[in-house]
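Here is a friendly walk through one protein model, taken helix by helix. Keep the structure open beside you as you read.

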Amino acid sequence: MCSMPRAPRIHYPGAVYHAMARGVDGREIFSDDQDRHHFMRILTHVFREMDAQRLAYCLMGNHFHLAVKVGITQLSILMQRILTSYSLSFNHRHVRTGHLFQARYKAVICLDNAYLAALIRYIHGNPVRAGLTKSPDLWRWSSYAEYIRSEKDGMIKSDGDLPTINIPDESSFNPWPITPKLSGSSSRRVGEIGVKSAVLSTKK
């Protein structure tokens with residue numbers, strides 16, 4: 001039986017995505033903090049090399065979440081580099097073979113500021129919902145603390161041209177909405193977002 005070809009992902013420089021990759025069969029992809037430190041080094045190197053911006057992240061036990069703004073390089077290439085590099089190093093360190101991640105990562109494009117703001121809150125809240133910690137600021141392996149430090153240092157400022165953002169109740173937020181077709185320059189607005197103004201809502 002023939003399978004339908006996968007639809008190509010939407011791409012343009014400045015596009016913002018929510019991306020997630022999970023361990024094959026739900027297995028752990030981080031055995032200890034050394035694995036997590038190494039993953040973050042790979043993430044930093046690949047993002048710098050491909051001129052991408054890490055807007056938010058959270059490392060869990062068997063998966064990770066990213067909010068990422070891409071440059072010229074497509075998200076698929078960026079994710080392939082991250083997943084391949086980490087899989088090879090993880091297998092070498094733990095003396096194992098075979099796939100570490102499920103066949104394909106999951107990703108959806110962010111089409112408006114309200115979704116992005118709610119997404120960042122959702123990403124930072126993952127450890128709390130999973131029962132790993134009581135508060136997002138107690139979880140070392142996310143970008144939550146970076147946002148709080150930036151705000152205290154006066155680095156988070158609201159952009160006057162951005163609409164007021166009303167964050168929906170977290171229980172009603174859908175992190176994987178069906179992406180509508182893009183139409184003209186309006187579809188690129190979120191790629192030009194002043195992200196720092198959108199993340200003020202990460203504080204509970």
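## Helix α2

Let's start with α2 in this predicted model. Its 19 residues should span 27 Å at 1.5 Å a residue, and the C-alpha atoms at its two ends are indeed 27 Å apart, in agreement with that figure. The buried residues of α2 are Leu-75, Leu-78, Met-79, Ile-82, Leu-83, Tyr-86, Ser-87, Phe-90 and Asn-91. Looking down the helix axis, you will find these residues within an arc of 170 degrees, so they line one face of α2.

What do the buried residues of α2 pack against? Their partners are β1 (16-22), α1, β3 and β4 (106-109). Turn the helix around, and the face pointing away from the buried side carries Gln-80, Leu-88 and His-92, which are exposed. After α2 comes Val-95, and its phi is positive, near 50 degrees.

## Helix α1

Now to α1, which covers residues 33-49. This helix has 17 residues and reaches 24 Å from its first C-alpha to its last, close to the 24 Å expected at 1.5 Å a residue. Its buried residues are Asp-35, Arg-36, Phe-39, Met-40, Ile-42, Leu-43, Val-46 and Phe-47. Because they cover an arc of only 160 degrees around the axis, they sit on the same side of α1.

These buried residues pack against β2 (53-59), β3 (63-69) and α2 (75-93). On the face of α1 turned away from the buried side, you will see the exposed residues Arg-41 and Arg-48.

## The two ends of α1

Which residue caps the N-terminal end of α1? That role falls to Asp-32, with a side-chain oxygen 3.2 Å from the backbone nitrogen of Gln-34. Just after the helix, Asp-51 takes a positive phi of about 55 degrees.

## Cysteines and disulfides

If you are wondering about disulfides, a search of the whole structure finds 0. Two cysteines are worth a look here. Are Cys-58 and Cys-110 buried or exposed? Cys-58 has a relative accessible area of 0%, so this residue is buried. Cys-110 also counts as buried, because its relative accessibility is 0%.

## Putting the helices together

The packing of the two helices can be read from either side: α2 is among the partners of the buried residues of α1, and α1 is among the partners of the buried residues of α2. Strand β3 appears in both lists, packed against by buried residues of α1 and by buried residues of α2.

Note on methods:
Residues numbered from 1 in each chain as written. Predicted model: local features only at pLDDT ≥ 70, side-chain atom pairs only at ≥ 80, totals over all residues. Heavy atoms only, no water. Helix = DSSP H or I, 4+ residues; strand = E, 2+ residues; numbered from the N terminus. Expected span 1.5 Å × (residues − 1). Buried < 20%, exposed > 50% of the residue type's maximum accessible area, 1.4 Å probe, protein only. Arc of directions from axis to C-beta. Contact = heavy atoms within 4.5 Å. Polar contact = N/O pair within 3.5 Å; in protein donor to acceptor, adjacent residues only side chain to side chain. Disulfide = S-S within 2.5 Å.
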